Every structure is written in structure tokens, then in C-alpha cells.
Amino acid sequence: MSFELIGMVGTKEVSESRGSFDGPVIDPGYLTRFAQAHEAAGFDRVLIGYGATGPDGFAVAAHVLYATQRLKVLIAHRPGFAAPTLVARKLATLDQLTGGGRVAIHHITGGDELDQKRDGDFADHDRRYARTAEFMTLLRRELTEATPFDYDGEFYQVRGAYSSVRPPAGGIPLFFGGASPAAIRVGAEHADVYMLWGEPVAQIAERIAQIRAAASGHGRTVRFSLSVRPIVADTEDAAWQRAEEIRAATEERVAEAGATPRPGRRLFGFRESSSVGSERLQRQGADREVHDERLWYGITKLTGPGGNSTALVGTPRQVADALLAYRRAGVDTVLIRGFDPLNDVVDWGRELVPALREQAARTPAGVAPEALSA
């Protein structure tokens, strides 16, 4: 089975442990260097994140695509603020203008209530997922149907919907994330790739089995992606020392943010969380800080509910071996991003990425009995 490696780009140098939140939000030169570093390191695709106060993902994606030759993009999008028929045409247009086959969309329904309200969304958690299901249905139909169609749903109604611009062969892959029962129902029915945060292998294997069972009820199969934050060094001791340095720097920034809060700024995590996935990570981190030998929750515990924050700590070969266990459990796509974002990508291109590719080529994605019983 194929293996896809995804990174993540931002428009300025900042992470939990480094960079400044002050100054311009967009540094075009940095974004160019960041994208080109991913391409040089051997990544297949990069994620462009979404937030209610951040830059527009479609514009950022266009910059990345024109700054690189083959690198693909995954545009995070929150359903509910633009018509799915319009989003479909935006995706197809961007894909056509940049060579074809380089554009995908990631549906993030939203687990931060405050961030939802910034864009005027006051729907509750499960209604948002119901809306996402309709959104993905219409998006796919707009991208694929050869004749005009009508649609009548709870959230969207269209008459004679049709797109004259189509993506090239292969279409636009639909990524999706969510951990709640409502999310699983939607993702199993509509997603091409289901994205999972970095949890212990046994829990990931259980989640994959659950989603596969739900998808089979619709006569579908779904691919799976894992998101995690590698912390690598030449020796295992040096990697753990680096993890402690990242923890100390993050601790200092969290304390500083608490002492001098800025209105409207979300420094780390979700302020009004309804995210089931985030709650799972917090429970696991409270149970113990290290799972599966090197899955580290040090930053997760500091920043609270939010995006992917669990880290795999070790040498490049050790981290590749740890990721291989997830591949045996059914993961065929890996998303990695660093705490030193640009420099980590350059470093990973030397050893970690080649090791991942070598091992993935020798190990088919599937379900490992030891993963399920761990």
C-alpha cells in the first residue's frame, strides 16, 4: 500500500517553544523557504492550517504551489462559512492552475467554541458535524457530476448546481478529522482519508477498527493518517534532553501569556473546547507522560486541549520504528511537524524521511495482532 508523508507550513516562524507572536502575521519569504524545505526533504504534501483569526488558506496554498515544483497541499477548511459548491470550484480551479493532482481539502468541523463564534457560528457540536456531512456530499457532487443537479438538505439547498471546471484525473482527496461518535458517522461515510492525532498504538488500532466497521456499513473503505511531533537527535539521551528544553521554553511562554493576556489572541490550545479528541489526549497525558516507550505528552499537558501536540522522542531510526508500528496498525499517511518548524524539516530530510520511506516500502499497512492486543 502507498505511503504519504505530510508536513505543515505556516506564514511566520512560530511554535509552542520559539518565535514571536508579534510583528507581521505573513512573512512571504519565510513561507517560500518553508515550502521549498519540505520539497527538498522529500515530503509529498503540506497542510495549511485554519483559524478564525488567521490568513486565508487558499491564498497560502497558492503561494506554496507556485513556490515549488511537485509539492502538494492539504487545505484545512471549516465547513459552514462558504457554500460547498463555491469551495469545490475554488479547489478545482487552483488544481488546474497548478498542474493538476496537487490539491486536497481537510474538513475540520471545529472543537473550539470561541473560535467558531468569531466567524459567527453558534451551532452546537453535533449539528456542526451534520452540516459537515451535507457539505462533503455537495462538494463531491459538484466536483464529479457531469450534469446539473438539485439538492435539498437541512443546511444546504441548490438548484441546477454544476461546475464547468473539474479537477484532473484522481480528483480532490477529501480528508477529515474528529473523534466523537458524530464525527465517526460522518467520516466513515464521506472521507477519503481519516486523520488521527498521535495516541498510543493500541488506541489507534482500536479507532481504525471502529471507523473501518462504520465505513463498511456504507460499502466504503477509508485510509488513515496519523499526526505527531517528532523530536529527534543523534542519540536517545540527546533527544530526551531536547524534549526537556522544548518543555522549559514552552512553560516560559505559557506563563508569560498568562501574565500578560492579549484580547482575541489564542496562544495555545482551545479556550472553549468541545473537542473529544483533545479530551482523549488530556486524559492520556494525565495518566502518564510517556506511552509506548517514546510517545511524549509533555507539551500536551502544558498547552491543554488543542491541536496535535504529542511527540515521538528518539533517534531518527527509533522514531521511524515507532511510526512503523502505526503503519502495521493501518496508518498509511503520516503528518509530522516540528517545534523548530523550518530547521526540523531540513534535519528530517537527512535521516528521518529516508528511514521512513525505506521502512514503509518494506512494510504494508494493515492490522498487526500485536498492535490490537498491546
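Which helix does P354 lie in? P354 lies in helix α13, where helices (H or I, at least four residues) and strands (E, at least two) are DSSP runs numbered from the N terminus. The model is predicted, so local features need pLDDT of at least 70 and side-chain atom pairs count only at pLDDT 80 or more, while totals for chains, interfaces and linings use all residues. Residues are numbered from 1 along each chain as its sequence is written, and side-chain values use heavy atoms, with hydrogens and water left out.

**Stop 1: P354**

Select P354 and colour by accessibility. P354 has a relative accessible area of 39% and is therefore partly exposed; buried means under 20% relative accessible area, exposed over 50%, and partly exposed in between (1.4 Å probe, protein chains only). Leaving aside neighbours within four places in sequence, P354 is in contact with W348 and G349, contact meaning heavy atoms within 4.5 Å. Then add G42: P354 and G42 are 312 residues apart in sequence but 8.1 Å apart in space, C-alpha to C-alpha.

**Stop 2: α11 against α13**

Keep α13 (residues 352-362) and add α11 (residues 316-328). Their axes come within 9 Å and cross at roughly 35°. Axes here are lines fitted to C-alpha atoms, for helices over the stretch in contact, and angles run from 0 to 180 degrees between N-to-C directions. α11 passes α13 in a right-handed crossing; a crossing is left-handed if the near helix is turned anticlockwise from the far one by less than a right angle, and right-handed if clockwise.

To show the contact, select P316, R317, V319, A320, D321, L323, L324 and R327 of α11 with L352, A355, L356, E358, Q359 and A360 of α13. By class, the contact of α11 with α13 has 9 nonpolar, 1 polar and 4 charged residues. Ala, Val, Leu, Ile, Met, Phe, Trp, Tyr, Cys and Pro count as nonpolar, Asp, Glu, Lys and Arg as charged, and the others, Gly among them, as polar.

**Stop 3: L295 and the loop before it**

V319 of α11 leads to the next selection. L295 and V319 are 24 residues apart in sequence and 9.4 Å apart in space, C-alpha to C-alpha. L295 is in strand β11 (residues 295-296) and counts as buried because its relative accessibility is 0%. Residues up to four places away in sequence aside, L295 touches G198, E199, P200, V228, E289, V290, T310, A311, L312 and Y326.

Now select D292, in the loop between β10 (290-291) and β11. The phi of D292 is near 50°, a positive value in a residue other than glycine. D292 is partly exposed, with a relative accessible area of 41%. E293 lies in the loop between β10 and β11 and has a positive phi of about 75° although it is not a glycine. At a relative accessible area of 59%, E293 is exposed. Most residues other than glycine have a negative phi.

**Stop 4: H38 and helix α1**

Is H38 buried or exposed? H38 counts as buried because its relative accessibility is 1%. H38 is found in helix α1 (residues 28-41). Not counting residues up to four places away in sequence, H38 touches G7, M8, V9, F43, V46, L71 and V345.

With α1 still shown, add α2 (residues 57-67): the two helices pack at an angle of about 55°, with their axes 9 Å apart. That angle makes α1 oblique to α2; angles under 35 degrees count as roughly parallel, over 145 as roughly antiparallel, 65 to 115 as roughly perpendicular and the rest as oblique. The crossing of α1 and α2 is right-handed. P28, L31, T32, A35 and Q36 in α1 meet V60, H63, V64 and A67 in α2. These residues divide into 6 nonpolar, 3 polar and no charged.

**Stop 5: α3, α5 and the cores**

Select α3 (residues 84-97) with α5: they pack at about 50°, with axes 8 Å apart, and are therefore oblique to each other. The contact includes L91 of α3 and L139 of α5.

Finish with the largest nonpolar core, which has 83 residues. A nonpolar core is a set of buried Ala, Val, Leu, Ile, Met, Phe, Trp, Tyr and Cys residues joined through side-chain atoms within 4.5 Å. Those with the most contacts inside this core are F43, V64, V73, L91, L139, Y194 and L323. Helix α5 (residues 125-144) supplies the largest share of the core, 7 residues. A second, separate core of 10 residues includes I231, A233, A243 and W296.
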